[in-house]
Amino acid sequence: MKNWKLNLFVITFIAFFPMLTYAEPIVNNNGVVISEEEYENFLKVHTPEYIMTMTQEKYEKLKSFDFNNIKTDSIYVKSTYNDALKLTTEEEITEEEFNNFDIMPMLNSDGVAGESVAKSLSMYLLGGDYWNFVILGAVWKGIPKVRSFDVIGFYGDSLEFRTGSQSGEQTYLENDQYKTIFYEWDNKNTKRLNNGFGISMNIVDNNIEALQLEAECDVTPTANHGSIFGSYQHAASSTTLAKSQNYTIGFGGLGNVFIFPIEISARYDGMFGLRLDF
């Protein structure tokens, strides 16, 4: 009887006090140590590729935010490139269609080669005590046929941008290894205006297998209500850095951010932009 009572006590103790398990921290490509909880939080606003290539500085900033209150908006688009006309047409698709998208070359009725790829655009707003953190990320399924100076960035309505917080990166997979190009706020590829900024990223010409771009910044409202607009514009035909930066920023531009002259605007795919309100 005593043994039976002892066994029952052991079973009851285990049921109410399960064994503690300690998850191993994650160490990314730059030697940044990330706890399992932090990794799960970071996945709410960044891709695994971003997390595994981020710097210690970006980690320290990211872990300071509250991930229980995030505003977000996303869009998914299928892009079809016509090699004969050198034109790209776009069609909005669902998240499920994007996740299940297969990249396939094709021939139209005239026997002209074409190719469809898909891309997503997501924007996240994390609140802070004074400065709020905004992230805009574009992820490609398939690699775009034309690779020139794409533009990614923000327009703020009744918002102040913190000088020095504007940055971005282009991450790609080459030979089974993720590599990143960083763009800082004072880089020649970054154009800053009072109401926003854009980063011109020259898409790598190497034989790559995956591609994503991100831009981020700190903002604070200057009125009772402010809005942040995010836009990613893919160059559907070859262009230069100077032409890719020939824009002002404001509502009504491409993605409600980039206002180009007509002849330059025609070089970009005109993808819809995103908006978050404070």
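Colleague: In strand S17, which residue is the bridge partner of Ile249?

Modeller: The partner is Phe258. Two strands count as paired if DSSP finds at least two bridges between them. Strand S16 (residues 248–254) and strand S17 (residues 258–259) have three, and their pairing is antiparallel. The model is predicted, so local features need pLDDT of at least 70 and side-chain atom pairs 80 or more, whereas totals for chains, interfaces and linings use all residues. Numbering runs from 1 along each chain as its sequence is written, and side-chain values use heavy atoms, without hydrogens or water.

Colleague: How many residues lie between the strands of the S16 and S17 hairpin?

Modeller: Three residues lie between them, and in this hairpin Gly255 has a positive phi, near 65 degrees.

Colleague: Which residues other than glycine have a positive phi?

Modeller: Most residues other than glycine have a negative phi. Two cases to look at here are Ser158, with a positive phi near 60 degrees, and Asp176, with a positive phi near 65 degrees. Ser158 sits in the loop between strand S8 (149–157) and strand S9 (159–161). Asp176 sits in the loop that separates strand S10 (167–174) from strand S11 (177–183).

Colleague: Are Ser158 and Asp176 buried or exposed?

Modeller: Relative accessible area decides it: under 20% is buried, over 50% exposed, and in between partly exposed (1.4 Å probe, protein chains only). Ser158 counts as partly exposed because its relative accessibility is 28%. Asp176 counts as exposed because its value is 68%.

Colleague: What is the order of strands in the open sheet?

Modeller: The five strands run S12-S13-S8-S15-S18, with antiparallel pairing. Strand S12 (190–193) and strand S18 (274–277) are the edges, since each pairs on one side only. At the S12 edge, four bridges join S12 to strand S13 (residues 196–202), and these two strands run antiparallel. One place to look is Lys191, whose bridge partner in S13 is Gly198.

Colleague: How many helices and strands does the protein have?

Modeller: The protein has seven helices and 18 strands. Both are DSSP runs numbered from the N terminus: helices are H or I over at least four residues, strands E over at least two.

Colleague: Which residues touch the most other members of the largest nonpolar core?

Modeller: In soluble globular proteins, nonpolar side chains tend to be buried together. A nonpolar core is a set of buried Ala, Val, Leu, Ile, Met, Phe, Trp, Tyr and Cys residues joined through side-chain atoms within 4.5 Å. Here the largest core has 33 residues, and Phe154 and Ile228 touch the most other members. Strand S14 (residues 210–221) supplies the largest share of this core, five residues. A second, separate core has 16 residues, among them Val32, Tyr50, Ile51 and Met54. Over the protein, buried residues make up 45% of the 278 residues.

Colleague: Is Glu174 buried or exposed?

Modeller: Glu174, in strand S10, is buried because its relative accessible area is 12%.

Colleague: With which residues is Glu174 in contact?

Modeller: Contact means heavy atoms within 4.5 Å. Leaving aside neighbours within four places in sequence, Glu174 is in contact with Lys179, Asn206, Asn207, Ile208 and Glu209. As for the whole protein, take the contacts between residues at least 6 apart in sequence: 70% of them join residues at least 24 apart.
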